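I opened this notebook to keep track of what I looked up, one entry at a time. Pull up the structure and follow along.

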Amino acid sequence: MVLALVVCASVVVLAIAGLVGFAVRRRLIQRVGGTFDCSYRLKMPADASTQPDLDENGQPTSAPVPQTDGKGWVFGIGRYSGDSIEWFRVFSYAPRPRRVLPRTEIEVLGRRYPQGQEELALLSGSVVLRCLHRGAPLELAMSDDALTGFLAWLEAAPPGQRVNVA
């Protein structure tokens with residue numbers, strides 16, 4: 001009986017320590033400032049388009065719109081760090097960012113609202129931003145306010161840097 005109580009108490013203490021660890025890590029990441037909630041699609045659909053939504057004249061292109069199943073999204077925190085965005089998973093103990101996205105290697109293709117199962121996988125009110133990163137498709141989901149800040153950060157690149165914001 002005593003052994004069972006000790007085991008149960010140990011499990012409860014470990015669970016609380018794990019939750020405290022998540023909270024402390026998030027606080028340390030956000031302490032520097034310049035952070036925003038940002039979901040990252042780790043597993044892009046096979047039919048993801050690398051074509052922009054609009055052409056040079058602002059007219060819609062014939063870029064195929066892939067069927068979204070809501071899979072592959074991971075909730076995280078984005079942090080501005082000089083000329084790059086550092087992306088951290090929320091549910092991880094790693095002190096380093098999972099992805100680093102340099103400003104010069106991000107090209108915005110378009111934006112859309114979550115569809116179907118994506119609405120359940122993402123935070124309420126999120127906007128999905130379709131991008132190219134080093135020539136590969138990339139999707140980020142963030143709030144309207146965070147999207148405005150992200151696009152302003154991209155456009156504020158120093159002179160001479162190539163920036164493409166749709």
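**Entry 1: accessibility and the helix α1 patch**

I needed a cut-off before anything else: buried means under 20% relative accessible area, exposed means over 50%, and partly exposed is what lies in between. I also noted that this is a predicted model.

I tried the cut-offs on Val20, which sits in helix α1, residues 2-31. Val20 has 46% relative accessibility, so Val20 counts as partly exposed. I then asked myself which residues make the nonpolar surface patch of about 420 Å². Val20 is one of them, and Val12, Ile16, Val24 and Leu28 are the others.

**Entry 2: the sheet**

Next I looked up the strand order. The model has an open sheet of 5 strands, ordered β3-β2-β9-β8-β7, and the pairing is antiparallel. Its edge strands are β3 (73-74) and β7 (106-112), each of which pairs on one side only.

I walked through the sheet from the β3 side. Strand β2, residues 39-41, runs antiparallel to β3 and is joined to it by 2 bridges. Arg41 has Trp73 in β3 as its bridge partner. β2 also pairs with β9 in the antiparallel sense, over 2 bridges, and here I found Tyr40 with Leu140 in β9 as its bridge partner.

How many bridges join β8 to β9? I found 7, and these two strands run antiparallel as well. Val127, for example, has Met142 in β9 as its bridge partner. The hairpin of β8 and β9 has 2 residues between the strands, and in it Arg134 takes a positive phi near 55°. I marked Arg134 for a later entry.

**Entry 3: what lies over the sheet**

I checked how covered β9 is. Of its 7 residues, 5 are buried, so to speak of β9 as mostly covered is fair. Helix α3 (residues 144-155) lies across β7, β8 (127-133) and β9 (136-142), and I noted an angle of about 150° between α3 and β7.

**Entry 4: salt bridges**

A reminder to myself: side chains of opposite charge can pair when their charged atoms come close. My search of the whole structure gave 7 salt bridges.

I went back to Arg41 and found a salt bridge to Glu139, with the closest N and O atoms 2.9 Å apart. This pair links distant parts of the chain, since Arg41 is in strand β2 and Glu139 is in strand β9, 98 residues apart. Are Arg41 and Glu139 buried or exposed? Both are buried.

Arg79 and Glu86 also meet through their side chains in a salt bridge, at 2.6 Å from N to O. Both Arg79 and Glu86 are buried too.

Then came the residue I had marked. Arg134 forms a side-chain salt bridge with Glu105, at 2.5 Å from N to O. Glu105 lies in the loop between β6 (99-102) and β7, and Arg134 in the loop between β8 and β9, so the pair ties together parts that are 29 residues apart in sequence. Glu105 has 28% relative accessibility and therefore counts as partly exposed. Arg134, at 60% relative accessibility, counts as exposed.

My last look-up was for shared partners. Arg41, Arg112, Glu118 and Glu139 are joined into one network by salt bridges that share partners.

Key: Residues numbered from 1 in each chain as written. Predicted model: local features only at pLDDT ≥ 70, side-chain atom pairs only at ≥ 80, totals over all residues. Heavy atoms only, no water. Patch = residues over 30% accessible without salt bridge, like charges linked within 9 Å, V, L, I, M, F, W, Y side chains within 5 Å. Areas by Shrake-Rupley, 256 points an atom, 1.4 Å probe, with all protein chains shown as cover. Salt bridge = Lys/Arg side-chain N within 4 Å of Asp/Glu carboxyl O. Helix = DSSP H or I, 4+ residues; strand = E, 2+ residues; numbered from the N terminus. Buried < 20%, exposed > 50% of the residue type's maximum accessible area, 1.4 Å probe, protein only. Pairing = 2+ DSSP bridges. Contact = heavy atoms within 4.5 Å. Axes fitted to C-alpha atoms, helices over the stretch in contact; angles between N-to-C directions.
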